[in-house]
Amino acid sequence: MASIKETGEKLFDWIDERLKIKDLVSYMGGKVVPRHGHSIFYYFGGLSLFFFIVQVVTGILLLLYYRPGADSAYESVKFIIAKVSFGWLIRAIHSWSANLMILMVFIHMFSVYFTKAYRKPRELTWLSGVGLLGLALFFGFSGYLLPWNELAFFATKVGTGMAGAVPFVGKFIMTLMRGSDEVTGATVTRFFGLHVAVLPAVTTVLLTIHLILIQRQGMSEPVEWEGMPESQKKYMPFFPNFLLRDLLLWLIALNVLAILAVFFPYGISPFHWDLGIKADPFAPPPLVIRPEWYFMFAFQTLKLLPAEIFHIEGELIGIFGFSLAGLFWVLVPFLDRESARGQKAKKFTYIGLVAVMFMIGMTILGYYLK
Amino acid sequence: MKRMLISVLFIGVAMSLGSVNRTMAADQCITCHLEWEEGANAPSKLFQADIHREAGLSCADCHGGDPSLDDMDKVRQSKGYIGAPKTAQIPQFCARCHSDATYMKKYNPALPIDQFDKYKTSMHGKLLINGDVKVATCISCHSVHDIRNAKIPTSTVYPVNIPKTCSHCHSDSTYMKPYGIPTDQYANFAQSVHGIALLQKEDIGAPACNDCHGNHGATPPGVDDIAAVCGVCHAKNASLFDQSPHKKAFEEGGMKQCETCHSNHLIKTPADSMLGVAPGSVCADCHSQGEQNKGYETAAAMSLLLDSLVHEEKKASDIIGDAEKKGMAVDDEAFALKDVHTSLVESRTLVHAFSLDKIKPELDKGIKLAAATYTQGTGIIDDYYFRRKGLGIATIIITLLALLIWLKIRQVEK
Amino acid sequence: MTDDKIKRRSFLNYLIGGGLIAWAGSVAYPIFRYMKPPVVAEADESQVTACTLAQLKATEGKFKTFKFGRQIGIVVLLPSDEIRAFSATCTHLDCTVQYRPDWNVLWCACHGGKYDLTGRNISGPPPRPLEQWTAHHDKTSDNIFVSKTKGA
């Protein structure tokens, strides 16, 4: 046993002689996590990262057998599920982890928002985070099409069609996304390239920036702690306390994934992702076309808008509205002056509550009305 | 002057009226008969839907006489008047045009012109020549003044309607009494495979009375003919039968091919229970156990093997269905099941060779494939449970590890 | 720290180490099994190779059946040397059809159904035509490729 410790120290010295990491290690060793009523939310960033790592691993495994293209995508996914050893498991975990990752990302983002963790000096962290959210959603959108089944085909048709509704640049964006005027095999190839190469590369960069910023700046403390004497603030060391707890949580999350994959390989009603039948561009659309749940609120809002508002197409107003909301969301650290000064910003809390309730409400409506 | 004018006018009007009358009197038959006949089934009313009228023909073209006259007495005396023919004369009446190739070419060159010749060879025709006016003539089947094209569903001789048309007489036991033939054909036919297909599903690919009996040369197929009749559609069964030991045996025994086992009108969907030596089977009607009776053994052996295949197919089908319900992927196995079913269908046809050597290879093939598919099915079901077992083991490992980590946390924080 | 505590601590560390190894094994096992390719190494595509032209020419009857995904197909060499492909599942009761060069039709052995060489059902029980597929002969490899898209 002593030899394991000795070997470890020898290894550390060898690396330190070449990379000079002693200072870095002692700096990281001093990392602390604030302990307060909302501490639990500190885990959600890590959980998002965990599910992302699962996606990378299962994604690489799926890459061994998946073949993009209208002639082969569906058949290769069927092959993975039916013929490859544990293929059903890898695929089911990939589908579930995708959805859980996005769920964790939303909870993480809203917890950051409500605790105003975006305030100075963490504006850049917020910006990179919003970028990561966009990437996650794009991951989901592009990945959904890859099985080239009826479900995905029509959801993608509707989704890219909405991009086309944007004035001036819409048509160009839509054609760029689709690789053609319509959703075809070219779209699958394009989305595949995005999903396995472009998006992972950009995510790696942005994620690295995000994590470095967090390590450099430490965990954000609640607004209420501004002006509190140091002795009253409670902390927990990151190493090993928080890390052990984090690992425990990740372990349990992995088990949950496995249970979901075995018992609900194709989702839980109403969130289904059966493989279904192969996409046929010439067949009539099914009775129910649905986007993934994380797009449902936007989809439902656009559906509820009247066809015309003051002679402008309703859908356009909707897209414009969402764009404005998105812009606000991105710029929140710079708009919220009170938080920057270390004061409570009740207005922004209310805005956040309205946003959350709107999104949840529209999502429920979207499923209830079908 | 004034009087001259008036009389000229009067004569002019009268003359013009007369000439108007003459142009309008092109077909006085229809005009008067429409006015004077009563009831919905009046010939003139029915004639509006008739195929001859569509061809531009009218009353006088069949019944003769001068269509411009409106006085019945004058009409009867006019040249060429035939009037309504007597029952015994009806076939010749229609054949006047319908057996005349030159005449029919003008209207429909594709229409046959041998109906009358055929009719003369038929049961109906022969009896009519001998003076029996109860039998069917042209108008009994085709109707008389509202004759429609046979391809139109409202025609009395549209395939779906033919059984009903024939049964007007042939199901009437009082009417048919002098002839001594059964009157249950329609009732039987309606319950048969062919009857249900034709009458209920309106599938005109199924045979109506005329497809087996002929339409104008209607005769029940003779003992020798019946196989040829059935064999028109059921070609494979007929050819297998011809090469089988039954062919000679049936000929010698004077037994009707096909009909002996399958009946003629009440042909039910053949059941596997028809084959074999159990009570209720068809084979047992002739074959009994004994050294002379190779047929008995063959029947028993074929029936056993066929039942085996049916059983194996069901086993395989059930387990694959179960696997599918459990959410497992079963594409290849479902495909194999199709092949098993094809084997079964082919085997049932091969029964008609009445030889174990001919049927055994197909049955063995089917049984082998069904058994293999069943084995694959059990493998899939096993995989289903293996997944849950694997999950259980993984959960136990993770739970233990989680417990240990929790203990570590407790330890570290002391 | 007391000796006892040290012992308990290292014991717990050992246990955790062991647990981690077991856990790593339970994760690695499915992953490695997955990476090993299954018996049928490739997935079906929308286009398959039916056979070579040489094989087709050598076959008595001048036709060959082949598997296409979940269906059976038939490829036929016509007297005019044209190659045609069809779905071989009879539309009557799902038997597999064959080509009869003496009648120049596709024929079903089960009940004598006949289809012409555009797939149309022309005689016997079949209620619907056979789907015609596109056959393409590649001169370099001599392979006959069949795809399910209709038309040339």
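The following exchange concerns a predicted model and what can be said of chain B and of the contact between chains A and C.

Colleague: What makes chain B more spread out than a compact globule?

Modeller: Chain B has 23 helices and 0 strands. Its radius of gyration is 37 Å, whereas the globule rule gives 22 Å for 414 residues, and because the value is well over that figure, chain B is described as more spread out than a compact globule. The C-alpha atoms of chain B fill a box of roughly 145 × 85 × 40 Å along the principal axes.

Colleague: What share of the residues in chain B is buried, and how much area does the chain expose?

Modeller: A residue is called buried when its relative accessible area is under 20%, and 32% of the 414 residues in chain B meet that condition. Chain B exposes about 25,000 Å², with carbon and sulfur atoms supplying 60% of that area.

Colleague: How do you know that chain A and chain C are in contact?

Modeller: Contact requires heavy atoms within 4.5 Å, and by that criterion 23 residues from chain A and 20 residues from chain C take part. The size of an interface is often given as the accessible area lost when the parts come together. Between chain A and chain C the buried area is about 1,800 Å², and carbon and sulfur atoms give 67% of it.

Colleague: Which residues of chain A lose the most area to chain C?

Modeller: They are Arg67(A), Phe79(A) and Phe86(A), which together account for 28% of what the chain A side buries.

Terms used: Residues numbered from 1 in each chain as written. Chains lettered and ligands numbered in written order. Predicted model: local features only at pLDDT ≥ 70, side-chain atom pairs only at ≥ 80, totals over all residues. Heavy atoms only, no water. Helix = DSSP H or I, 4+ residues; strand = E, 2+ residues; numbered from the N terminus. Rg over C-alpha atoms; globule rule 2.2 N^0.38 Å. Buried < 20%, exposed > 50% of the residue type's maximum accessible area, 1.4 Å probe, protein only. Areas by Shrake-Rupley, 256 points an atom, 1.4 Å probe, with all protein chains shown as cover. Buried area = accessible area lost by both parts, 1.4 Å probe.
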